[in-house]
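Here is a friendly walk through one protein model, written for someone who likes to look at residues one by one. Please keep the viewer open as you read.

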Amino acid sequence: AFQHRAIKPSLQLLLSVYSKPFYSDLLLPAGRLREQRNGAQRADAIIFTKCTDHYTPLSWKNKTIFYSKIVYQNPTVDKPVYGFSGLADNSTFKNHLAVKYDLAGFKAYPDHFSFKQKDLDDLITLAGSATLVCTEKDWIKIKHLKGQESVKHITIFHTIEGASDFIPWLKKHLN
């Protein structure tokens, strides 16, 4: 809701992907920004998301900065996996599967993809003897389909680095 000025929030947090910070981006259609970079001045804090384990702190105009990381809850799988996801950026999930498992293949779908029975049937064929693995977000969309019982899913969490600093800061600014 950051762009919706009619909403009068008590606190504004701007999230920006660490590897592609908003201040290095351009307005649509050349980039991904929906408003000019200086709109970030309205933020009470900036959270840089998808940080690696060894990130270098960033700064922007004396704003309070926090960092978040992705945490995966991985199922145990003994054989190769065939991954699929319908995320805004499927490459992050694909890369995780390649590091954690023996990745036999991967199929990327558009964000918010609505899976049909034929899509799952095609994935089962593509996977062959590999175990199908998807995000929990995508598993919710296939759990009513025939064959879903053979699909493993990974729950993805986002954690705030330095939560012992973030929670008190958040409480202070919400009061």
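What covers the buried residues of α1? The cover includes β3 (64–73), β4 (81–85), β5 (103–108), β6 (131–135) and β7 (151–161). Helices (H or I, at least four residues) and strands (E, at least two) are DSSP runs, numbered from the N terminus. The buried residues of this helix, which spans residues 90–100, are N90, F93, H96 and L97. Seen down the axis of α1, these residues fall within an arc of 130°, so they line one face of the helix; the arc is that of the directions from the helix axis to the C-beta atoms. Buried means under 20% relative accessible area, exposed over 50%, and partly exposed in between (1.4 Å probe, protein chains only).

A word on the source: this is a predicted model, in which local features need pLDDT of at least 70 and side-chain atom pairs count only at pLDDT 80 or more, while totals for chains, interfaces and linings use all residues. Residues are numbered from 1 along each chain as its sequence is written, and side-chain values use heavy atoms, with hydrogens and water left out.

**The whole protein**

The protein has 4 helices and 7 strands, and from the N terminus on its elements run β-β-β-β-α-β-α-β-α-β-α. Its C-alpha trace spans about 55 × 35 × 30 Å along the principal axes. Of its 175 residues, 38% count as buried. Taking contact to mean heavy atoms within 4.5 Å, residues 24 or more positions apart account for 56% of the contacts with a separation of 6 or more.

**Strand β6 and its partners**

Strand β6 is mostly covered, with 5 of its 5 residues buried. Two strands pair if DSSP finds at least two bridges between them, and β6 appears in both pairings below.

| Strand pair | Bridges | Direction | Example of bridge partners |
|---|---|---|---|
| β4 and β6 | 4 bridges | parallel | G83 and V133 |
| β6 and β7 | 4 bridges | parallel | V133 and K152 |

V133 thus turns up in both rows, as the partner of G83 and of K152 in β7.

**Nonpolar cores**

A nonpolar core is a set of buried Ala, Val, Leu, Ile, Met, Phe, Trp, Tyr and Cys residues joined through side-chain atoms within 4.5 Å. The largest one has 14 residues, and those with the most contacts inside it are F84, F115, L123, L132, I142 and V151. At least two residues each come from β4, α2 (117–127), β6 and α3. The largest share, 3 residues, is supplied by α2. Another core, of 13 residues, lies apart from it and has Y18, A43, C51 and Y67 among its members.

**Two residues to look at**

D138 lies in helix α3 (residues 136–142). Which side chain of opposite charge is nearest to D138? That is K141, 4.5 Å away, and D138 is buried yet has no salt bridge. Here a salt bridge is a side-chain nitrogen of Lys or Arg within 4 Å of a carboxyl oxygen of Asp or Glu; Lys and Arg count as positive and Asp and Glu as negative, while His and the chain ends are not counted. Not counting residues up to four places away in sequence, D138 touches F84, S85, G86 and F115.

F157 lies in strand β7 and is partly exposed, with a relative accessible area of 41%. With the same sequence neighbours left out, up to four places away, F157 touches K69, I70, V71 and Q73.
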